[in-house]
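Colleague: I should like to learn how to read a structure of this kind. Could we go through its features in turn?

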Amino acid sequence: MFDQPTQAFFPEEVHDLGALTDADWEAVRSYFSLMRDVVNRNGQGLQIIVCDHVNLRDEWFRDAVIENWRQGKALIPTDWITEA
């Protein structure tokens, strides 16, 4: 489990293209590429869970995303909190 391997307020690439330099985006892309490669080398027998703000446009990245917690979606659903 990796919690925000980029940083807490890293922008979402899909909306914030000009927020950081190309070098910053390449570094982030290389982090996630390494995770993908490690999973692939293990014959899909390894699961890596990542919580992060980054949302790369790369097809391989988007295919790997199971849930995008935005626009009212959250790790802990709001109704769990209001029912407590």
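Modeller: What follows is a conversation about the fold, the core, the aromatic rings, the pocket and a few single residues. Please keep in mind that this is a predicted model.

Colleague: How many helices and strands does the chain have, and in what order do the elements run?

Modeller: The chain has 3 helices and 2 strands. Read from the N terminus on, the order is β-α-β-α-α.

Colleague: What portion of the chain counts as buried?

Modeller: The chain has 84 residues, and 20% of them count as buried.

Colleague: How should one read a nonpolar core, and which residues make up the largest one here?

Modeller: The general idea is that nonpolar side chains tend to be buried together in soluble globular proteins. In this structure the largest nonpolar core has 7 residues: Trp25, Val28, Phe32, Met35, Val54, Leu56 and Phe61. Helix 1, which spans residues 22–41, supplies the largest share of this core, with 4 residues.

Colleague: How many aromatic pairs does the structure hold, and how is the geometry of a pair read?

Modeller: There are 2 aromatic pairs. One reads the distance between ring centres together with the angle between the planes, and planes over 60 degrees apart count as edge-to-face. For Phe32 and Phe61 the centres are 5.3 Å apart and the planes stand at 90°, so this pair is edge-to-face.

Colleague: Which parts of the chain does the pair of Phe32 and Phe61 tie together?

Modeller: Phe32 belongs to helix 1 and Phe61 to helix 2 (residues 59–64), so the pair links parts that are 29 residues apart in sequence. The C-alpha atoms of these two residues are separated by 7.9 Å.

Colleague: Which residues form the other pair?

Modeller: Trp60 and Phe61 form an aromatic pair that is likewise edge-to-face, with 6.1 Å from centre to centre and 80° between the planes. Phe32, Trp60 and Phe61 thus appear as one aromatic cluster.

Colleague: Are Trp60 and Phe61 buried or exposed?

Modeller: The reading depends on relative accessible area: buried means under 20%, exposed means over 50%, and partly exposed lies in between. Phe61 has a value of 7%, so this residue is buried. Trp60 has 26% and is therefore partly exposed. Phe32, the remaining member of the cluster, is buried.

Colleague: What sits over the ring of Trp60?

Modeller: The charged end of Arg36 does, at 4.3 Å from the centre of the ring.

Colleague: Let us turn to empty space. How is a pocket found, and what volume does the largest pocket have?

Modeller: In general, rolling a probe the size of a water molecule over the atoms shows where empty space is left. Here the largest pocket has a volume of about 950 Å³.

Colleague: Which residues lie nearest the centre of the largest pocket, and how many line it?

Modeller: The lining has 27 residues, and those nearest the centre are Val50, Cys51, Ala64, Val65 and Ile66. Helix 1, strand 2 (50–51) and helix 2 are the elements that give two or more residues to this lining. Helix 1 gives the most, with 5 residues. By class, the lining has 15 nonpolar, 7 polar and 5 charged residues.

Colleague: Where does Cys51 lie, and is Cys51 buried or exposed?

Modeller: Cys51 lies in strand 2. Its relative accessible area is 17%, so Cys51 is buried. The C-alpha atoms of Cys51 and Trp69 are 9.5 Å apart, although 18 residues separate the two along the chain.

Colleague: What is to be noted about the phi angle of Gln4?

Modeller: Gln4 has a positive phi of about 55°, although it is not a glycine. Gln4 is placed in the loop between strand 1 (2–3) and helix 1. With 29% relative accessibility, Gln4 counts as partly exposed.

Colleague: How far apart are Gln4 and His53, in sequence and in space?

Modeller: They are 49 residues apart in sequence, and 7.1 Å apart in space from C-alpha to C-alpha. His53 is found in the loop between strand 2 and helix 2. His53, at 29% relative accessibility, counts as partly exposed.

Key
Residues are numbered from 1 along each chain as its sequence is written. This is a predicted model: local features need pLDDT of at least 70, side-chain atom pairs count only at pLDDT 80 or more; totals for chains, interfaces and linings use all residues. Side-chain values use heavy atoms; hydrogens and water are left out. A nonpolar core is a set of buried Ala, Val, Leu, Ile, Met, Phe, Trp, Tyr and Cys residues joined through side-chain atoms within 4.5 Å. Buried means under 20% relative accessible area, exposed over 50%, partly exposed in between (1.4 Å probe, protein chains only). Rings of Phe, Tyr and Trp (its six-membered ring) pair if their centres lie within 6.5 Å; planes under 30 degrees apart count as stacked, over 60 as edge-to-face and the rest as tilted. A charge sits over a ring if NZ of Lys or CZ of Arg is within 6 Å of the ring centre and within 35 degrees of the ring normal. On a 1 Å grid over the protein atoms alone, a cavity is a set of points where a 1.4 Å probe fits but cannot get out, and a pocket is an open set with protein on both sides within 12 Å along at least five of seven lines; lining residues have an atom within 4 Å of a point. Grid points are joined across faces, edges and corners, and a volume is the space filled by probe spheres set on the points. Ala, Val, Leu, Ile, Met, Phe, Trp, Tyr, Cys and Pro count as nonpolar, Asp, Glu, Lys and Arg as charged, and the others, Gly among them, as polar.
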